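Let's take a walk through this model together, starting from the inside and working outwards. Keep the viewer open as you read.

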Amino acid sequence: MKIAILALQGAFAEHEQMFKQLGAETTLIRNLADWSSFMSSPFGGMRGAAIPGGESTAMMRIMKDECLFEPIRQAILDGLPVLGTCAGLIMLDRYHLDVMDILAKRNAYGRQLGSFNTEEEFKGIGKVPMTFIRAPYIEEAGPEVEILARVEGKAVAARQENMLVTAFHPELTSDTRIHELFLSMVANGSPAG
């Protein structure tokens with residue numbers, strides 16, 4: 001199993017450590033050559049991608065500058081499983097990559113000083129630790145989107161087909177269950193290639 005981690009900026013190293021701890025091979029994506037190499041490598045269809053937290057505006061600009069926007073968008077539309085955390089959630093919404101039927105409210109919890117930790121129920125997993133840093137929440141979700149967790153009534157995790165998103169940073173805790181859930185999605189639904 002191989003996971004491509006968008007490494008333009010943000011918390012990509014923490015995702016890399018978490019996936020390696022769970023036995024997945026990772027590759028960091030910084031440009032189109034990295035992406036092309038990842039997508040063309042023989043992996044028996046067992047591949048997925050992660051878009052980490054960071055600054056969504058900067059990430060979008062770099063994706064476009066590096067000609068990554070369309071290839072990544074098309075791969076997700078073609079069924080490549082993807083995990084988006086914090087800014088990664090924003091990147092998948094209707095106004096960015098437009099692959100998931102959600103609308104994110106950016107910086108919903110305020111500035112850096114509004115960061116916080118909590119523990120809430122995550123559907124199918126149980127209570128999980130949640131670290132929010134300048135986090136969004138899901139303001140709108142289409143009928144195909146399953147809400148997996150809420151904090152104070154706001155949707156902070158969801159799944160739609162091959163896409164799993166969290167407004168928080170599961171990679172910044174020692175709890176591996178959300179990454180395990182994503183790897184099970186990769187094992188069960190990654191397109192062949």
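The largest cavity has a volume of about 50 Å³. Bear in mind that this is a predicted model. Searching the whole structure turns up 2 cavities of 30 Å³ or more. What lines the largest cavity? Its walls come from Ala4, Leu6, Ile29, Trp35, Ala49, Ala50, Ile51 and Ile72. Two strands, strand 1 (2-6) and strand 3 (47-51), each give at least two residues to that lining. Strand 3 has the largest share, with 3 residues.

Pick out Trp35 from that lining, as it leads to the next stop. Trp35 sits in helix 2 (residues 32-40) along with Phe38, and the two are 3 residues apart, about one turn of the helix. Are these two side chains buried or exposed? Trp35 counts as buried because its relative accessibility is 5%, under the 20% cut-off. Phe38 has a relative accessible area of 1%, so Phe38 is buried too.

Now for the rings themselves. The model has 4 aromatic pairs. In the pair made by Trp35 and Phe38, the ring centres are 5.6 Å apart and the planes meet at 45 degrees, so this pair is tilted. A tilted pair is one whose angle falls between the stacked limit of 30 degrees and the edge-to-face limit of 60. Phe38 has a charged neighbour as well: Arg47 lies over the face of its ring, 5.5 Å from the ring centre. Elsewhere, Lys64 is placed over the face of Phe69, at 5.1 Å from the ring centre.

For another aromatic pair, move along to Phe116 and Phe132. Here the ring centres are 4.6 Å apart and the planes are at 10 degrees, so the pair is stacked. Phe116 belongs to strand 6 (residues 116-122) and Phe132 to strand 7 (residues 126-132), so their contact ties together parts that are 16 residues apart in sequence. The two partners are not alike in exposure: Phe116, at 25% relative accessibility, counts as partly exposed, whereas Phe132, at 1%, counts as buried. Phe168 joins them, and Phe116, Phe132 and Phe168 form one aromatic cluster.

Next, the charges. How many salt bridges are there? The count comes to 9. One of them is made by the side chains of Glu16 and Lys20, at 3.5 Å from N to O. Both residues are in helix 1 (residues 12-21), and because they are 4 residues apart, about one helical turn separates them. Glu16 counts as buried at 18% relative accessibility, while Lys20 is partly exposed with a relative accessible area of 49%.

Other salt bridges reach further along the chain. Glu140 forms one with Arg94, and their closest N and O atoms are 2.7 Å apart. This pair links distant parts of the chain, with Glu140 in strand 8 (residues 137-141) and Arg94 in the loop between helix 5 (87-92) and strand 5 (102-105), 46 residues apart. Glu140 is partly exposed at 39% relative accessibility, and Arg94 is partly exposed with a relative accessible area of 27%.

Glu146 and Lys123 make another such link, with closest N and O atoms 2.7 Å apart. Glu146 is in strand 9 (residues 146-151) and Lys123 is in the loop between strand 6 and strand 7, 23 residues apart. Glu146 is partly exposed, with a relative accessible area of 33%, and Lys123 is partly exposed, with 49%. Back at Arg94, salt bridges with shared partners join Arg94, Asp101 and Glu140 into one network.

Glu146 has brought us to strand 9, so let's follow that strand to its neighbour. Strand 9 pairs with strand 10 (residues 154-160) in the antiparallel sense, over 5 bridges. Within that pairing, Ile147 stands opposite Ala158 in strand 10. As you look along the strands, remember that side chains in a regular strand alternate between the two faces of the sheet. The two strands form a hairpin with 2 residues between them, and in the turn Glu152 has a positive phi of about 50 degrees.

Note on methods:
Residues numbered from 1 in each chain as written. Predicted model: local features only at pLDDT ≥ 70, side-chain atom pairs only at ≥ 80, totals over all residues. Heavy atoms only, no water. Phe/Tyr/Trp six-rings, centres within 6.5 Å; stacked < 30°, edge-to-face > 60°. Buried < 20%, exposed > 50% of the residue type's maximum accessible area, 1.4 Å probe, protein only. Lys NZ or Arg CZ within 6 Å of the ring centre and 35° of its normal. Salt bridge = Lys/Arg side-chain N within 4 Å of Asp/Glu carboxyl O. Pairing = 2+ DSSP bridges. 1 Å grid on protein atoms, 1.4 Å probe; cavity = no way out; pocket = protein on both sides within 12 Å on 5 of 7 lines; lining within 4 Å. Points joined across faces, edges and corners; volume = space filled by probe spheres on them.
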